[in-house]
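Subject: Handover of a structure for your review

Dear colleague,

Please find below the structure I am handing over to you, together with its sequence. My findings follow.

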Amino acid sequence: SSGINAEYGAIGVSGNVEELITLFISIIVHEVCLAFTLGLMLFTEGHTTTQFLVSLTCFVVSCPVGIISGALVIKYLSSTTLANTIFVLKALATGTFVQVTFFEILAPEFAERYANQLHKMAAVILGFLLISLTMYLLHDIPMVDFCKV
């Protein structure tokens with residue numbers, strides 16, 4: 001994942017409860033996948049216990065630090081500066097998700113020539129369809145309005 005955890009800052013600068021819950025659920029889903037991948041990668045690459053614990057600590061601490069930073073932005077910035085800062089943080093969060101998905105996760109997977117590319121493409125399409133179906137099914141629930149993101 002990138003060094004900037006802007007998606008966590010986006011939680012801290014959320015303007016309303018619906019947006020906060022939507023961001024929270026999105027980030028939890030993302031973090032569960034990322035935590036599994038990070039743990040598996042650290043385990044299979046044979047890192048020492050110290051390296052594993054340092055990586056895990058950085059991963060765990062980044063979320064609350066980003067949320068607190070976002071909350072501080074709301075508390076101490078003027079309305080114009082706040083609006084611009086929120087825009088930048090949300091843009092960074094979106095860019096981080098796109099960058100991690102396409103360049104750090106999918107690109108290396110599809111670069112392996114010996115692996116079954118058709119199964120991988122089917123998994124990507126299935127994942128996209130499942131998220132799209134979830135958004136469609138939950139779009140009328142007032143507290144979890146995924147379609148507003």
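pLDDT is the predictor's confidence in each residue, on a scale from 0 to 100. This value applies here since the model is a predicted one. Over residues 143-149, pLDDT stays under 50. For that stretch the model has 18 contacts beyond four places in sequence, and I would ask you to read those contacts together with the pLDDT of the stretch.

Across the protein chain the average pLDDT is 76, and 81% of the residues score at least 70. Which helix has the lowest confidence, and which the highest? The lowest mean, 54, belongs to helix H1 (residues 6-12), while helix H5 (residues 117-138) has the highest, at 85.

Turning to the fold, the protein chain contains 5 helices and 0 strands. Read from the N terminus, the order of elements is therefore written α-α-α-α-α. Of the contacts between residues at least 6 apart in sequence, 62% join residues at least 24 apart.

As to the surface, the protein chain has 149 residues, of which 23% are buried. About 10,200 Å² is exposed, and carbon and sulfur atoms supply 75% of that area.

One nonpolar patch on this surface deserves a separate mention. Met-121, Val-124, Ile-125, Phe-128 and Leu-129 make up a nonpolar surface patch of about 470 Å². One of these residues, Val-124, lies in helix H5. Val-124 has a relative accessibility of 30% and so counts as partly exposed.

Where does Leu-77 lie? Leu-77 is found in the loop between helix H3 (49-76) and helix H4 (79-111). Is Leu-77 buried or exposed? Neither term applies, because Leu-77 has 32% relative accessibility and counts as partly exposed. Leaving aside residues up to four places away in sequence, Leu-77 touches Leu-82 and Thr-85.

Finally, a word on the cysteines. A disulfide is a covalent bond between the sulfur atoms of two cysteines. In the model, a pair of cysteine sulfur atoms must lie within 2.5 Å to be counted as a disulfide, and by this rule the count comes to 0. Cys-33 is partly exposed, at a relative accessible area of 46%. Cys-58, at 52%, is exposed, because the term is used for values over 50%.

Yours sincerely

How values were computed. Residues are numbered from 1 along each chain as its sequence is written. This is a predicted model: local features need pLDDT of at least 70, side-chain atom pairs count only at pLDDT 80 or more; totals for chains, interfaces and linings use all residues. Side-chain values use heavy atoms; hydrogens and water are left out. Helices (H or I, at least four residues) and strands (E, at least two) are DSSP runs, numbered from the N terminus. Buried means under 20% relative accessible area, exposed over 50%, partly exposed in between (1.4 Å probe, protein chains only). Contact means heavy atoms within 4.5 Å. Accessible areas come from the Shrake-Rupley method with a 1.4 Å probe; for residues, only the protein chains shown count as cover. Patches are made of residues with over 30% relative accessible area and no salt bridge: like charges are joined within 9 Å, nonpolar side chains (Val, Leu, Ile, Met, Phe, Trp, Tyr) within 5 Å. A salt bridge is a side-chain nitrogen of Lys or Arg within 4 Å of a carboxyl oxygen of Asp or Glu.
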